[in-house]
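Have the sequence and the model side by side. The walk below goes from the surface to the core, and then on to the metal.

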Amino acid sequence: MSTARTIPLAGKSLPFLGHALPLLRDPLAFLSSLPAYGGLVRLRLGPLSLVMVCDPGLTRQVLLDDRTYDMGGPIMDRARKLVGDGLGTCPRSRHRRQRRLCQPAFHLDRMPAYGAVMADSCNAASTSWQHGQEIDVTEEMSTLVMGIVAHTIFSATAPQISQNIRDDFKAISKPAFWLMVMPPVFGRLPTLGNRRYQRAHDRLRSTVGEIIATRRPDATDHGDLLSSLLSAQDPDSESEHQALSDREVTEQVINIFAGADAAGPTLAWALYLLATHPEVEERLHKEVDEVLAGGPPTFAHVAELKLADRVISEALRMYTPTWFGSRVVTGDTDLGGFQLPAKTMIGWSPYLIHRLPELYDNPDRFDPDRWLDSQLDREAYLPFGAGGRKCIGNRFGINTAALALASITSRWRLRPVGDEPLNPVVKTMLAPHGVRLRVEAR
Ligand code: HEM
């Protein structure tokens, strides 16, 4: 049998930096180059060493077996400090209980109430635009989505407090990627950026904590996520752990904000792809006009917006915002014929898997209709992950994206400004950062 040492090392690894330079210079090309080394390849990012999985079957094996491949390792330890010790960041030993307690907040029967908030917010955003206006599509869509998330969590909170929460979350998420991958000492330096980050981090926790303390004695179901988290009961846990404590609810709320951050880039990519593929955009206009029949989109329309759904699926395939995930091996194991010792850090990337030509014909082509093909391997499509840690907000995210697309395309046609080539930047999320689109009335 092979040993972990025989897993090939990707291309040129520089002393100290490892593969950080090619990843920074052209992250997508770097990721796409990795499958040429085989099912597993070793990478070094500064002081971190990890094994990257490049095969769809092995990726699913890792995601489905959370006993052997747990949330942990240095990147996840830092993520926990940044975005809370909650559902998305906690180890398996605490995950099952938390998932059971959070699941009701995302149950299908709560979606219509969230859908009403989504539809109102999307309509308000798209009616505020002017013909000829240029928008930074990532900023605009992230603001829209964060507004929706804040409102669906805290429906009963004063707008100014909700705005403070969004501002603080934004201030935390901006440097998050660097704080996760750089040695921890950089985060402790007394720089202006680090002080700003710390202030936002502390204020966010205290604001959310105060809202929870006020809402805890109130048994009214406001129909929002917070009501559901506060009232959740888990009969399978010991009595003192049957409900989430105030501190746990705070951590979940921040984790949910962090997870939902992926929905903004999803929408931004979908709009960018439509703007650069006018023939698909025109077909979408036809669908939206027929389904909406001149009225504003509502939650009830989502199921009828079939092409919009395929556009979102294809945007999520080509540019999965959550482009990188990590796990830690809990005990010596074997993966794809290689031995992995305990504590090996594993990386997985839906971006990398979604561009494999053996899975998708012409994988770099934007083709929403490929999703009409029933032969397409749905198991290898992993924008939301798989197994016990699969995204809890997938329906929430898709519904938000569908309503926003319908609302925007019912009024506007978007066009790229200039012909600058796309230059994706590595951050926590893969997004068309800095891309501007011009809004034209239809
Ligand atoms: C539409 C775009 C979205 C994408 C592409 C996305 C992607 C993902 C992925 C890949 C994971 C699993 C990570 C892993 O296994 O390493 C995840 C987990 C999670 N997501 Fe999402 N997500 C999206 C939207 C949302 C929304 C809208 C919410 C909340 C409102 C959300 C909340 C979460 C949470 C809490 C987890 C942790 C689940 C667990 O470990 O049990 N996500 N997401």
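Start with Leu 17, which sits in the segment before helix H1 (20-25). The model is predicted. Leu 17 has a relative accessible area of 34%. That makes Leu 17 partly exposed, because the value falls between the 20% limit for buried and the 50% limit for exposed. Leu 17 has partners at the surface: together with Leu 14 and Phe 16, Leu 17 makes a nonpolar patch of about 300 Å².

Now go inside. In soluble globular proteins, nonpolar side chains tend to be buried together. Here the largest nonpolar core has 121 residues. Two of its members, Leu 34 and Phe 257, touch the most other members. Helix H14 (residues 263-275) gives the most to this core, with ten residues. Apart from this core lies another, of twelve residues. Val 51, Phe 338, Leu 340 and Ile 346 are among them.

Stay with Leu 34 for its contacts. Not counting residues up to four places away in sequence, Leu 34 touches Ala 10, Val 41, Leu 43, Met 52, Cys 54 and Leu 352.

Next comes Asn 194, in helix H11 (residues 192-215). Is Asn 194 buried or exposed? Its relative accessible area is 14%, so Asn 194 is buried, the cut-off being under 20%. Which residues is Asn 194 in contact with, leaving aside its neighbours within four places in sequence? They are Leu 179, Phe 186, Gly 187, Arg 188 and Leu 189.

Val 291 can be read in the same way. Val 291 is found in helix H15 (residues 278-292). Its relative accessibility is 16%. Val 291 therefore counts as buried, as the value is under 20%. Setting aside residues up to four places away in sequence, Val 291 touches His 301, Glu 304 and Leu 305. Pro 421 gives a sense of distance: Val 291 and Pro 421 are 130 residues apart in sequence. In space, their C-alpha atoms are 34 Å apart.

Finish at the ligand. Which residue is the only protein donor of its iron atom? The donor is Cys 391, through SG, at 2.3 Å. Cys 391 is not in a helix here; look for Cys 391 in the loop between helix H17 (350-354) and helix H18 (394-411).

Terms used:
Residues are numbered from 1 along each chain as its sequence is written. This is a predicted model: local features need pLDDT of at least 70, side-chain atom pairs count only at pLDDT 80 or more; totals for chains, interfaces and linings use all residues. Side-chain values use heavy atoms; hydrogens and water are left out. Donors are N, O and S atoms within 2.8 Å of the metal (3.2 Å for Na, K and Ca); water is not among the atoms, so sites may look incomplete. Helices (H or I, at least four residues) and strands (E, at least two) are DSSP runs, numbered from the N terminus. Buried means under 20% relative accessible area, exposed over 50%, partly exposed in between (1.4 Å probe, protein chains only). Contact means heavy atoms within 4.5 Å. A nonpolar core is a set of buried Ala, Val, Leu, Ile, Met, Phe, Trp, Tyr and Cys residues joined through side-chain atoms within 4.5 Å. Patches are made of residues with over 30% relative accessible area and no salt bridge: like charges are joined within 9 Å, nonpolar side chains (Val, Leu, Ile, Met, Phe, Trp, Tyr) within 5 Å. Accessible areas come from the Shrake-Rupley method with a 1.4 Å probe; for residues, only the protein chains shown count as cover. A salt bridge is a side-chain nitrogen of Lys or Arg within 4 Å of a carboxyl oxygen of Asp or Glu.
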